[in-house]
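Here is a guided look at one protein model, written as a short report. Keep the sequence and the 3D view open while you read.

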Amino acid sequence: MTAYPRAEATMRRSTRMTITKIDAFALRIPFGTEAALPGLVRPPGVGSLLVRVTTGEGYVGWGEASAFEAAPLTSRVIKFLVGPMFSGRDATRIEPLVRSVRRKLQVFGRSRSVSYAIAAIEIALWDIAGKAAGLPLHRLLRATGDSETELPCYASLDPYDGNPAAVLAGVRQAIDAGFTAIKLHERELTAVRAARRGAGPGIELMVDPEHAWTLPAATANARAFAELNLKWLEEPLSPPQDYRGLVQLHSAGHVPLAAGENVPTMRDFGRLMDTRAVDFVQPSPARIGVAEASRVFPLAAAHDVTVMPHSFYHGPGLLSAIHLTAALGTPGSMIEWRYTDLAAHVYGDAVRPKNGRIQVPQGPGLGVDPDPEVIRAFPYTYEA
């Protein structure tokens with residue numbers, strides 16, 4: 001499968017486009033009244049970080065960093081460190097520009113706030129590239145053939161702290177909404193058993209314990225989960241970069257494994273697949289960018305590994321994963337939809353699954369811009 005062409009080849013413009021302004025918006029959107037939460041005390045909300053890039057020619061692109069509760073910190077990283085390194089540069093030369101900035105900031109490594117800030121700006125530059133070319137991003141990413149127009153989703157539930165009743169409530173809500181695949185962020189066998197009982201055998205069930213266990217603990221838990229017919233167990237080891245441990249866990253054969261959300265480089269993705277450590281690989285464009293994520297797809301196809309992009313977001317991080325999957329997805333790829341009731345969504349009802357499937361936006365760039373009213377209404381604050 002062909003990866004994306006260079007942005008310069010698809011833009012209708014042949015002249016330089018200058019980045020003139022980069023803005024970051026740290027948000028915290030409260031949970032809605034229908035959200036299934038583990039206790040009576042409701043968390044303050046969901047943190048996120050949107051990035052807006054403006055060019056001198058009037059184009060505006062939107063990106064998103066994987067920030068969550070670090071949104072205020074990553075916002076400052078963009079304002080004072082990363083953003084100035086992009087300002088004044090040519091927006092059409094996405095890959096050379098991103099490589100240059102990453103090289104200059106390599107002392108900070110390829111993960112966490114600095115890397116995620118770069119990824120957010122890169123997503124925004126691809127949004128601009130699509131808008132300048134008059135094409136949706138998935139058309140830029142696929143050189144030939146047709147892209148998918150609709151994709152299957154799985155409901156990715158919030159953590160319920162091992163509370164079986166809350167887990168069951170979340171599972172039932174997702175099933176009622178039409179999802180046939182559900183991911184839990186749980187570590188307790190009792191909670192996962194409750195989910196399987198409530199879901200029945202016809203629902204695909206995945207578990208992400210959020211890299212909580214040592215190899216012996218993960219092996220014991222995987223053995224216990226085997227009876228529950230999981231589609232995958234996701235990043236069970238601490239640290240998540242314990243690739244050797246993943247190989248050992250996978251060879252035990254108790255449950256299929258997934259990883260990739262915290263994988264920072266193509267070399268590491270190659271290690272995961274060369275060693276047969278995983279059955280599903282999960283690049284996160286809000287962490288590694290669109291270009292790097294696009295390269296994971298053909299590599300995974302060559303290894304007969306299914307790509308399931310990490311997209312536990314509701315903004316451009318989600319949309320970039322949708323476009324990547326529409327253009328390059330391997331058979332069986334699904335979109336991760338963070339299934340929780342929020343007071344508002346940055347795209348309103350324009351980006352929302354129906355009966356477990358989501359439409360691929362067909363407008364230029366990412367296809368939809370965030371609602372400025374939502375951005376104004378929910379700035380990140382530390383008050384509960």
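## The largest cavity

Start with an enclosed space: 18 residues line the largest cavity, and those nearest its centre are Val46, Gly47, Ser48, Glu64 and His314. Keep in mind that this is a predicted model. The volume of the largest cavity is about 160 Å³.

So who builds the wall? Strands S2 and S3 each give at least two residues to the lining of the largest cavity, and S2 makes the largest share, with four residues. Sorted by class, this lining has 11 nonpolar residues, five polar ones and two charged ones.

## The sheet behind it

Let's zoom out to the sheet. Three strands form an open sheet in the order S1-S2-S3, and the pairing is antiparallel. At the edges sit strand S1 (19-29) and strand S3 (60-65), each of which pairs on one side only. On average, neighbouring strands in this sheet are turned by 25 degrees against each other, ignoring direction.

How many bridges join S2 to S3? There are six, linking S3 to S2 (residues 46-55), and the two strands run antiparallel. You can pick out two of the matched pairs yourself: Leu50 is opposite Glu64 of S3, and Leu49 has Ala65 of S3 as its bridge partner. The hairpin of S2 and S3 has four residues between the strands, and there Gly58 takes a positive phi near 95 degrees.

## Strand S3 and Ala65

Is S3 mostly enclosed or mostly open? Look at its residues: five of the six are buried, so the strand is largely enclosed by the rest of the structure. A handy rule for looking at any sheet is that side chains in a regular strand alternate between its two faces.

Ala65 belongs to strand S3. Is Ala65 buried or exposed? Its relative accessible area is 1%, and buried means under 20%, so Ala65 is buried. Setting aside neighbours within four places in sequence, Ala65 is in contact with Leu49, Thr74, Tyr116, Ala117, Ala120 and Ala286. Then there is Val51: it is 14 residues from Ala65 in sequence, with 7.6 Å between their C-alpha atoms.

## A helix on the sheet

One of the contacts of Ala65 is Thr74, and Thr74 takes us to helix H2. Helix H2 (residues 71-86) packs on the sheet and touches S1, S2 and S3, while its direction makes about 175 degrees with that of S1.

Thr74 has 1% relative accessibility, so it counts as buried. Which residues does Thr74 touch, if you skip those up to four places away in sequence? They are Leu49, Ala65, Ala67, Ser113 and Ala117. Notice that Leu49 and Ala117 turn up on the contact lists of both Ala65 and Thr74.

## The largest pocket

Now for a space that is open. The largest pocket has a volume of about 490 Å³. It is lined by 29 residues, and the closest to its centre are Phe68, Glu210, Glu261, Arg287 and Phe312.

Which elements help to line it? S2, helix H4 (112-133) and strand S11 (335-339) each supply at least two residues, and the largest share, three residues, comes from H4. By class, the lining of this pocket has 12 charged, nine polar and eight nonpolar residues.

## Another cavity

Back to the closed spaces: the model has four cavities of 30 Å³ or more. The second largest cavity holds about 50 Å³ of space. Its lining is made of Arg110, Ser111, Tyr116, Glu261, Asn262, Val263, Pro264, Arg287 and Ile288. By class, that comes to four nonpolar, two polar and three charged residues.

Have you met some of these names before? Glu261 and Arg287 line this second largest cavity, and both are also listed among the residues closest to the centre of the largest pocket.

## A stop at His254

Last, find His254 in the loop between helix H9 (243-252) and strand S8 (257-259). With 26% relative accessibility, His254 counts as partly exposed. Leaving out residues up to four places away in sequence, His254 touches Thr219, Ala222, Arg223 and Ala226. His254 and Glu234 are 20 residues apart in sequence, and their C-alpha atoms are 13 Å apart in space.

Note on methods:
Residues are numbered from 1 along each chain as its sequence is written. This is a predicted model: local features need pLDDT of at least 70, side-chain atom pairs count only at pLDDT 80 or more; totals for chains, interfaces and linings use all residues. Side-chain values use heavy atoms; hydrogens and water are left out. Two strands pair if DSSP finds at least two bridges between them. Axes are lines fitted to C-alpha atoms, for helices over the stretch in contact, and angles run from 0 to 180 degrees between N-to-C directions. Contact means heavy atoms within 4.5 Å. On a 1 Å grid over the protein atoms alone, a cavity is a set of points where a 1.4 Å probe fits but cannot get out, and a pocket is an open set with protein on both sides within 12 Å along at least five of seven lines; lining residues have an atom within 4 Å of a point. Grid points are joined across faces, edges and corners, and a volume is the space filled by probe spheres set on the points. Ala, Val, Leu, Ile, Met, Phe, Trp, Tyr, Cys and Pro count as nonpolar, Asp, Glu, Lys and Arg as charged, and the others, Gly among them, as polar. Buried means under 20% relative accessible area, exposed over 50%, partly exposed in between (1.4 Å probe, protein chains only).
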